[in-house]
Amino acid sequence: MDLALAAGAEAMARGDWPTGSVIVLDGEVVASGQNRQNTLNDITVHAETDALRGAFASLKRTSLEGATLYTTMEPCPMCAEAMRMAQVARLVLGLRHADLKRTDLGTYSIEAYCRMLEWPLDIVTGVRHAECLALRRRWGKDKVGK
């Protein structure tokens, strides 16, 4: 999660949402990603999709069967589906949408998504939660008055 937090901080410094993700396969980091929506003017470049693209390019394949994705923020439905299609086996996340009291995703949670699709994703939550929350809150404070 150290690498994901660092990637999130880099994204924030650049002007993007402070979210970072890392993909580990067979004990090795194969890719990391950052939110790049603002700087690339592309709403699909979330930290998870950025990391997935990096892993696909690095490994020269689209299956990440057995991989673990570490991320500072709960994956949205778009990212969850990309992870499912890539066959990511495990998710380690720090912060939940509910922790931020987000209302734009309704009752969404990664667990609800997995139940709906009968996807047996192994999920570990709350890892480095306080640090992930602090990073996200810094983003909000940095944006006040801008």
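Here is a short walk through the sheet and the aromatic pairs of this predicted model.

Let's begin with the sheet. Its five strands form an open arrangement in the order 2-1-3-4-5, and the pairing is mixed. Strand 2 (28-34) and strand 5 (122-124) are the edge strands; each has a single partner strand, so one side of each lacks a neighbour in the sheet. On average, and ignoring direction, neighbouring strands are turned by 20 degrees against each other.

Now follow strand 1 to its two partners. With strand 2 it pairs in the antiparallel sense over six bridges, and one pairing to look for is Leu 25 with Glu 28 in strand 2. The hairpin of strand 1 and strand 2 has two residues between the strands, and there Asp 26 adopts a positive phi near 55 degrees. Strand 1 (residues 20-25) also runs antiparallel to strand 3 (residues 68-73), joined to it by four bridges; here Val 22 has Tyr 70 as its bridge partner.

Next come the aromatic rings, where a search of the whole structure turns up two pairs. Trp 17 and Trp 139 make a tilted pair, 5.1 Å centre to centre with 40 degrees between the planes. Because Trp 17 sits in the loop between helix 1 (2-14) and strand 1 while Trp 139 belongs to helix 6 (residues 129-143), this pair ties together parts 122 residues apart in sequence. Trp 17 is partly exposed, at 33% relative accessible area, whereas Trp 139 is buried at 8% relative accessibility.

The other pair is Tyr 108 with Tyr 113: the ring centres are 6.4 Å apart and the planes stand at 65 degrees, so the pair is edge-to-face. Tyr 108 is buried, at 16% relative accessibility, and Tyr 113 is buried too, at 11%.

Note on methods
Residues are numbered from 1 along each chain as its sequence is written. This is a predicted model: local features need pLDDT of at least 70, side-chain atom pairs count only at pLDDT 80 or more; totals for chains, interfaces and linings use all residues. Side-chain values use heavy atoms; hydrogens and water are left out. Two strands pair if DSSP finds at least two bridges between them. Axes are lines fitted to C-alpha atoms, for helices over the stretch in contact, and angles run from 0 to 180 degrees between N-to-C directions. Rings of Phe, Tyr and Trp (its six-membered ring) pair if their centres lie within 6.5 Å; planes under 30 degrees apart count as stacked, over 60 as edge-to-face and the rest as tilted. Buried means under 20% relative accessible area, exposed over 50%, partly exposed in between (1.4 Å probe, protein chains only).
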